[in-house]
Every structure is written in structure tokens, then in C-alpha cells.
Amino acid sequence: MKVLFITSTRIGDAVLSTGILKELIQSHPNIDITIACGPAAAPIFSEMPRLKKLVAMEKKVCSLHWFDLWKICIGIKWDIIVDLRNSPVSRMLFARRRYVMRRVDPSIHRVQQLGDVMGMRSSPPSPFLWTSDRQEEAAQKIIEPKQKVLALGAMANWKGKEWKLERFSELAFRLTQPGGILAGASVVILGSKAELPRSKIVLEKIPAEKRVNLVGKIDLLTAYAVLRRSSLFVGNDSGLMHMAAASGIPTLGLFGPSKEAHYGPWGSKSAWIRTPKTYDELVGEPGYDHRNTGSLMSSLSVDQVEEAAITLWGQHRRAVEK
């Protein structure tokens with residue numbers, strides 16, 4: 001069975017779409033999947049079973065990247081095409097079955113929207129990532145068995161969504177100090193190489209004996225394996241947040257100029273906290289321009305995030321003890 005799966009350019013959206021892939025693989029053991037996505041998201045699919053081809057599409061003028069994808073796919077009789085981008089390509093190829101994301105219900109979570117495409121809105125498949133032995137071994141060298149770890153996703157792909165970096169340092173101090181919920185824990189800071197200059201603001205205020213600086217040092221799936229070995233994740237609305245939630249650890253997402261009802265971390269061990277101002281209030285302020293705005297998260301205090309982290313951790317501990 002040949003399947004073409006067209007998904008997002010962004011890491012977070014691509015992660016949220018992986019539940020559909022897992023469902024397809026489990027339902028069709030002899031499936032061969034071609035994935036088309038953006039270059040940033042491509043690495044998260046690299047270890048997926050039944051992967052036939054991974055097409056990382058560089059955006060081109062006049063949307064010519066879709067023409068390039070069509071040339072790759074035109075000679076194949078597809079059994080299933082799943083198009084989560086509503087692209088022209090899926091309309092120009094032969095397919096026995098076609099699932100295309102067109103209009104979406106803005107009132108429901110992105111995972112439910114994706115499930116709706118496949119007729120699974122009421123019980124959409126949860127995101128899931130696959131890793132290699134090499135990535136698992138690399139993560140095991142970073143995180144020792146039973147080691148307590150607070151993982152931080154302090155950066156985001158847009159400055160407006162970033163909680164003040166120095167507040168992450170203060171939060172880490174509170175949660176890992178004697179008497180904190182993760183007393184004595186190591187603090188792992190994750191991010192891309194491009195985020196390294198900003199990460200120094202967080203890193204320099206965390207004691208050297210506690211901090212584990214992984215910014216720009218590991219690939220996405222090794223980061224996922226590290227997250228799976230962590231105790232708790234706190235971070236901005238980002239691809240890392242969605243990876244943490246998919247890994248199954250307690251995940252606290254911080255929201256301001258993005259919609260938690262739509263993009264909150266998915267799963268029973270996840271929670272979110274947002275700024276006192278709503279999304280509409282933040283993006284509707286006079287002079288707002290997403291191209292040059294600074295952080296819109298300043299009204300969210302360390303006290304508020306600490307309280308939310310303690311609540312989430314308490315819920316997790318009670319569930320484990322049952």
C-alpha cells in the first residue's frame with residue numbers, strides 16, 4: 001500500500017500530525033509512506049517505520065515547491081493521499097482514497113482538527129515520535145537512570161511568544177532548590193543552534209553543577225529521547241513543547257499571543273497557563289505588529305508559573321501513586 005502524507009513546515013504542527021501516521025502504520029502493516037514537509041520538520045520523521053521517501057520541501061517563489069513535489073509523485077498510483085496542507089498536489093494525483101484538510105473548526109484543538117480529516121474527531125490519535133538506537137543511547141549518556149531533570153524550552157520561533165528568559169532561570173531555581181518539587185534536579189536547556197545567543201541569558205544564571213546545556217548540540221529526535229527521560233517540562237508554545245507532551249512527561253505550556261484551546265500541549269499529563277490578557281487583547285492592542293513586537297508574555301509572573309508547575313506535578317504524583 002502506497003501512501004503520500006503531506007504535512008506541515010513547522011515542527012509543532014508536524015509533531016501533532018504524527019498520531020495519524022501511527023494509526024495508518026498500525027492499521028496497514030504493509031504500508032509504504034512518502035512524507036512531504038518543510039525542512040525544519042523533516043528530521044522528526046527520519047526514524048519512522050515504513051518510511052519509503054522523505055521529501056523536505058524548500059519554499060520557492062510562486063509556490064513552485066508544489067510543482068517539484070508533483071514531479072516526484074506523478075508516476076505513482078497512490079492508495080491513500082493525506083493532505084494536511086490543502087495543497088494543489090493532492091488534486092492532481094491519482095489516489096484510491098483522499099483525505100484533505102480544508103475548512104477547520106477553530107473551536108477545537110489542532111489534534112482534533114487533524115483527527116477530523118480522518119473521521120476520528122471524537123478519539124483522535126495522540127502524537128508519537130520514533131527514535132533510533134543511536135539517539136536513545138545518546139540520550140542515556142546525557143540523562144542517567146532515575147536522575148531528576150527539569151527540562152526547559154525557553155525559546156520560541158517568534159519573540160512575541162517567549163516568556164522573559166531570566167524568569168526561566170528564577171523558576172528553575174525555585175523548583176530545584178531544597179524543598180522544591182524537583183529538589184536537587186538537573187536543569188536541561190534545549191533549543192536550536194540559532195537560539196544559542198538568547199539561551200545564554202538563561203544559562204548564565206543556572207549554577208554550572210546543575211545545568212545541562214543542549215542548545216544546538218543534539219538533533220530533534222535525540223532531544224525527544226532526552227525529554228522522555230526528564231521529570232517535567234516547562235516551556236513556551238513551541239515545537240519542543242509538543243515534543244515533550246508527545247513523550248508522555250508532565251508538560252506545562254506557557255501561552256500569551258497564541259491560543260491554548262487550539263495549540264495547548266496534548267495529553268493527560270499536560271497543562272497550560274496563559275497571561276492574564278487574552279489572545280485577542282494581546283494582538284488587538286494599538287500598534288501591534290507581529291513582525292517587530294517584543295515579548296508579549298511579561299504579565300505572566302514567576303509566581304503564577306511556579307504554582308501551575310506545582311499543581312501539575314502534584315496531579316502527576318497522585319496518578320502515579322494510585
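**Figure 1. Ser247, a buried serine in helix H9.** With a relative accessible area of 11%, Ser247 counts as buried, because anything under 20% falls in that class. Ser247 sits in helix H9. Leaving aside residues up to four places away in sequence, Ser247 touches Tyr224, Leu227 and Arg228. Keep in mind, here and in the other views, that this is a predicted model.

**Figure 2. The whole protein chain, for getting your bearings.** Before the other close-ups, here's the overall picture. The protein chain's secondary structure adds up to 12 helices and 11 strands. Its radius of gyration is 20 Å, close to the 20 Å that the globule rule gives for 322 residues, so the protein chain is as compact as a globular protein of that length. Lay the C-alpha trace along its principal axes and it spans about 60 × 50 × 40 Å. How much of the protein chain is buried? Buried residues make up 52% of the 322 residues. As for contacts with a separation of 6 or more, 60% of them are between residues 24 or more positions apart.

**Figure 3. The largest pocket and the residues around its centre.** This view goes to the largest pocket, which holds about 890 Å³ of space. Its lining is made up of 35 residues. Which of them lie nearest the centre? Those are Gly12, Asn157, Lys161, Ser238 and Gly239. Sorted by class, the lining of the largest pocket has 16 nonpolar, 11 polar and eight charged residues.

**Figure 4. Where the lining of the largest pocket comes from.** Take another look at that pocket, this time by domain and helix. Domain 1 (2-117) and domain 2 (138-321) each give at least three residues to the lining of the largest pocket. Several helices join in too: H1 (11-16), H8 (220-228), H9 (239-247), H10 (260-263) and H11 (279-283) each supply at least two lining residues. Helix H9 is also the home of Ser247, the serine from the opening view.

**Figure 5. A cavity with helix H9 in its lining.** How many cavities of 30 Å³ or more are there? The count comes to one. The largest cavity has a volume of about 30 Å³. Look around it and you'll find Leu16, Pro127, His242, Ala245, Ala246, Pro265 and Trp266. Helix H9 turns up again here, giving three residues, the largest share of the lining of this cavity. By class, the lining has six nonpolar residues, one polar residue and no charged ones.

**Figure 6. Arg50, a loop residue with a positive phi.** Now for a backbone detail. Arg50 isn't a glycine, yet its phi is positive, at about 65°. Where does Arg50 sit? You'll find Arg50 in the loop between strand E2 (32-37) and strand E3 (51-56). Its relative accessible area is 36%, so Arg50 is partly exposed.

**Figure 7. Asn86, in the loop between strands E4 and E5.** Here's one more backbone detail to look at. Asn86 has a positive phi of about 50°, although it's not a glycine. The strands on either side of its loop are E4 (78-83) and E5 (95-100). Is Asn86 buried or partly exposed? Asn86 is partly exposed, as its relative accessible area is 30%.

How values were computed: Residues are numbered from 1 along each chain as its sequence is written. This is a predicted model: local features need pLDDT of at least 70, side-chain atom pairs count only at pLDDT 80 or more; totals for chains, interfaces and linings use all residues. Side-chain values use heavy atoms; hydrogens and water are left out. On a 1 Å grid over the protein atoms alone, a cavity is a set of points where a 1.4 Å probe fits but cannot get out, and a pocket is an open set with protein on both sides within 12 Å along at least five of seven lines; lining residues have an atom within 4 Å of a point. Grid points are joined across faces, edges and corners, and a volume is the space filled by probe spheres set on the points. Helices (H or I, at least four residues) and strands (E, at least two) are DSSP runs, numbered from the N terminus. Ala, Val, Leu, Ile, Met, Phe, Trp, Tyr, Cys and Pro count as nonpolar, Asp, Glu, Lys and Arg as charged, and the others, Gly among them, as polar. Domain bounds come from an automatic or database domain assignment. The radius of gyration is taken over C-alpha atoms; the globule rule is 2.2 Å times the number of residues to the power 0.38. Buried means under 20% relative accessible area, exposed over 50%, partly exposed in between (1.4 Å probe, protein chains only). Contact means heavy atoms within 4.5 Å.
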